[in-house]
Amino acid sequence: MKKIVVLISGNGSNLQSIIDACQQNRINGHISAVFSNNADAYGLLRAEKAGIPAHYLSPEAYADRINYDSALLKAIDQYQPDLVVLAGYMRILSPDFVQHYHGRLLNIHPSLLPKYPGLHTHRKAIENGDKEHGTSVHFVTEELDGGPIILQAKVPIFEGDKEEDVIGRIQTQEHNIYPLVIGWFLDGRLTMKENIAVMDGDVLPAQGYASE
């Protein structure tokens, strides 16, 4: 069975959706380990409850990001993962880390990329008067939130919406599409070739599978 390692920094709701999908055989694989840069991440407890090895690696114990990522890489590789999944992991990865897992590193970002890379995406969408917002699953490259998009999901923004309203809609979609994409990858349907996402042998359009 294919092996997944998940990186988190916080609550781990997307991690939970992946755990559930594995347990329900919607993903042909299992989570071998979860790693976090935050000792208080609730996602670590989610992993422990599911019987998954959960590890905290302190950034303060390393001189810089490169040294931290080198140690993280070595720890991850002990599990020999087929896929590394970022699920709310809030550290920017070093180029060496990204290259090491080239083509088998996924992220989910709460915006309709390339719109709103980085942080505070929901707030920006509301403040700019956007009528829709969304989430994107993409391969990770050295460009921040700039890797080829695999799948996006859109949600409406209604007049009077607060940030938490939009976040709730976004998370519902994330919990559906992230396990789906992970399943595609582990089934061998999804690859990245020359920084382009390929699904069932066909190059995906810029906005991902089934884009309008």
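This report describes two sheets and several helices of one chain, as they appear in a predicted model.

**The annotated region**

A UniProt annotation from an unreviewed entry, "domain: Formyl transferase N-terminal", covers residues 2-182. Over these residues the chain is 36% helix and 24% strand. The C-alpha atoms at the two ends of the stretch are 11 Å apart.

**The sheet of 7 strands**

Strands of a sheet pair through backbone hydrogen bonds, either parallel or antiparallel. One open sheet in the model has 7 strands, and its pairing is mixed. The order of the strands is β3-β2-β1-β4-β5-β6-β7. At the edges stand β3 (54-56) and β7 (149-156), each of which pairs on one side only. From one strand to the next, the twist averages 20°.

Strand β6 (residues 132-139) runs antiparallel to β7, and 7 bridges join the two. Within this pair, H133 stands opposite V155 in β7.

**Helices on this sheet**

Helix α2 packs on the sheet and touches β1, β2 and β3. Helix α3 (residues 65-77) lies across β1, β2 and β4. The table gives the direction of each helix relative to one strand.

| Helix | Strand | Angle between directions |
|---|---|---|
| α2 | β3 | about 155° |
| α3 | β2 | about 150° |

**Helix α1**

Helix α1 (residues 13-23) is mostly covered, with 8 of its 11 residues buried. The buried residues are S13, N14, L15, S17, I18, I19, A21 and C22. What do they pack against? Their partners include the strands β1 (2-8), β2 (29-36), β4 (83-86) and β5 (105-109). The buried residues of α1 also pack against two helices, α2 (42-49) and α6 (163-186). Just after α1, N25 takes a positive phi of about 60°.

**The sheet of 3 strands**

A further open sheet has 3 strands in the order β8-β9-β10, with antiparallel pairing. Its edges are β8 (190-193) and β10 (202-203); each has a single partner strand, so one side of each is left without a neighbour in the sheet. Strand β9 (residues 196-199) is joined to β10 by 2 bridges, and these strands run antiparallel. Here M199 stands opposite D202 in β10.

Conventions
Residues numbered from 1 in each chain as written. Predicted model: local features only at pLDDT ≥ 70, side-chain atom pairs only at ≥ 80, totals over all residues. Heavy atoms only, no water. Buried < 20%, exposed > 50% of the residue type's maximum accessible area, 1.4 Å probe, protein only. Helix = DSSP H or I, 4+ residues; strand = E, 2+ residues; numbered from the N terminus. Contact = heavy atoms within 4.5 Å. Pairing = 2+ DSSP bridges. UniProt positions renumbered as here; feature names shortened; annotations may be inferred. Axes fitted to C-alpha atoms, helices over the stretch in contact; angles between N-to-C directions.
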